[in-house]
Amino acid sequence: MKIGILTYHRTYNYGGRLQALATRLVLEEMGHEVFYIDYWPSYHSDEYKILSFRKLFKLSGISKLKYLKHSLVSAKIKFEQRKIFEAYHEIFTYPYCKSMTDEFDLVIYGSDQIWRKQVAINAYNPIYFGNNNIVSKRHASDAASMGTLPSDNGDIVNVLGMLRRMDYISVREDDLKDFLLGNGFVNVVQVLDPTLLVESEKWLISLRPSR
């Protein structure tokens, strides 16, 4: 089966990178052909820029000056961080990336907090809920997380509506499971984070670069 994973595969965060790798490793061990769907919107990449002009232009007065000062102070740390994660990407992620225009038998969403309200756009991103044009026979979540559950009625209706696209749902937290079951979804299961499904020996082998 050809499977696409839609998650935070490019994040500058160790947990995010490892959950993406673990999901691929577990699925490959089952005999599937597995790829990362290379979706990474500009609001994600802006978060890791040494200086984001998009963010700068949104600020005004003293906030602009504070942001510029912070960017200068943290520039060296961010530069070193970028080198580490880009090197990781070239070895462990990029060779397994496919475009959103590719076709799949199954698209898996998660894990990580892909269903959280995105601060940068102050909205839930429908792409991560399966509301997209990716050609796939099935859409399913794996250990997906929302972080904070929606409390606003409009957000609740929006989230529940978007999740109707999912053929199968598994989540990471019990409160998200209860939230969905309490709002008419059935067969929602709680599962482990994929990083806990990979044995230590497999981690050591997988994280050892072949070149």
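These exercises walk through a predicted model, each with a worked solution.

**Exercise 1. Two helices**

Task: Find how helix H1 and helix H4 are oriented relative to each other, and which residues make the contact.

Solution:
- Step 1. Locate the helices. H1 covers residues 14–29, and H4 covers residues 62–93.
- Step 2. Take the geometry. The two pack at an angle of about 5 degrees, and their axes lie 12 Å apart.
- Step 3. Classify the angle. Angles under 35 degrees count as roughly parallel, so H1 is roughly parallel to H4.
- Step 4. List the contact residues. H1 contributes Tyr14, Arg17, Leu18, Leu21 and Arg24. H4 contributes Ile84, Phe85, Tyr88, His89, Phe92 and Thr93.
- Step 5. Sort them by class. The contact of H1 with H4 has seven nonpolar, two polar and two charged residues.

**Exercise 2. An enclosed space**

Task: State how many cavities of 30 Å³ or more the structure holds, and describe the lining of the largest cavity.

Solution:
- Step 1. Count. There is one cavity of 30 Å³ or more.
- Step 2. Give the volume. The largest cavity holds about 30 Å³ of space.
- Step 3. Name the lining. His9, Arg17, Ala20, Leu21, Tyr36, Tyr88, Phe92 and Thr93 line the largest cavity.
- Step 4. Link the lining to the helices. H1 and H4 each give at least two residues to the lining of the largest cavity.
- Step 5. Sort by class. Five of the lining residues are nonpolar, two are polar and one is charged.

**Exercise 3. An open space**

Task: Describe the volume and lining of the largest pocket.

Solution:
- Step 1. Give the volume. The largest pocket measures about 450 Å³.
- Step 2. Look at the lining. It consists of 17 residues. Nearest the centre of the pocket lie Tyr43, Asp46, Glu47, Lys55 and Ala120.
- Step 3. Find the helices involved. Helix H2 (42–46), helix H3 (53–58) and H4 each supply at least two lining residues.
- Step 4. Sort by class. The lining of the largest pocket has five nonpolar, four polar and eight charged residues.

**Exercise 4. The loop between S4 and S5**

Task: Place Gln118, Ser111 and Asp112, then pick out the unusual backbone values.

Solution:
- Step 1. Place Gln118. This residue sits in the loop between strand S4 (103–109) and strand S5 (135–141).
- Step 2. Judge its burial. The relative accessibility of Gln118 is 2%, so Gln118 counts as buried.
- Step 3. List its contacts. Beyond residues up to four places away in sequence, Gln118 touches Tyr8, Tyr43, His44, Ala123, Asn125 and Tyr128.
- Step 4. Move to Ser111. Ser111 also belongs to the loop between S4 and S5. The peptide bond from Gly110 to Ser111 is cis, and its omega is near 5 degrees.
- Step 5. Check Asp112. Asp112 lies in the loop between S4 and S5. Its phi is near 70 degrees, a positive value in a residue other than glycine.
- Step 6. Recall the usual pattern. Most residues other than glycine have a negative phi, and most peptide bonds are trans.
- Step 7. Judge the burial of Asp112. At 15% relative accessibility, this residue counts as buried.

**Exercise 5. Buried, partly exposed or exposed?**

Task: Assign Cys97, Leu149 and Asn187 to a burial class, and describe the setting of each.

Solution:
- Step 1. Set the cut-offs. Buried means under 20% relative accessible area, exposed means over 50%, and partly exposed lies in between.
- Step 2. Take Cys97. With a relative accessible area of 17%, Cys97 is buried. Cys97 is part of strand S3 (residues 97–98).
- Step 3. Look around Cys97. Setting aside neighbours within four places in sequence, Cys97 contacts His9, Tyr36, Asp38 and His89. Its C-alpha atom is 5.5 Å from that of Phe35, 62 residues apart along the chain.
- Step 4. Take Leu149. Its relative accessibility is 25%, so Leu149 is partly exposed. Leu149 is in the loop between S5 and helix H5 (153–163).
- Step 5. Look around Leu149. Outside residues up to four places away in sequence, Leu149 touches Asp175, Leu176 and Phe179. The C-alpha atoms of Leu149 and Lys117 are 9.1 Å apart.
- Step 6. Take Asn187. At 68% relative accessibility, Asn187 counts as exposed. Asn187 lies in the loop between helix H6 (174–181) and strand S7 (189–190). Its phi is positive, about 60 degrees, although Asn187 is not a glycine.

Conventions:
Residues are numbered from 1 along each chain as its sequence is written. This is a predicted model: local features need pLDDT of at least 70, side-chain atom pairs count only at pLDDT 80 or more; totals for chains, interfaces and linings use all residues. Side-chain values use heavy atoms; hydrogens and water are left out. Axes are lines fitted to C-alpha atoms, for helices over the stretch in contact, and angles run from 0 to 180 degrees between N-to-C directions. Helices (H or I, at least four residues) and strands (E, at least two) are DSSP runs, numbered from the N terminus. Angles under 35 degrees count as roughly parallel, over 145 as roughly antiparallel, 65 to 115 as roughly perpendicular and the rest as oblique. Contact means heavy atoms within 4.5 Å. Ala, Val, Leu, Ile, Met, Phe, Trp, Tyr, Cys and Pro count as nonpolar, Asp, Glu, Lys and Arg as charged, and the others, Gly among them, as polar. On a 1 Å grid over the protein atoms alone, a cavity is a set of points where a 1.4 Å probe fits but cannot get out, and a pocket is an open set with protein on both sides within 12 Å along at least five of seven lines; lining residues have an atom within 4 Å of a point. Grid points are joined across faces, edges and corners, and a volume is the space filled by probe spheres set on the points. Buried means under 20% relative accessible area, exposed over 50%, partly exposed in between (1.4 Å probe, protein chains only).
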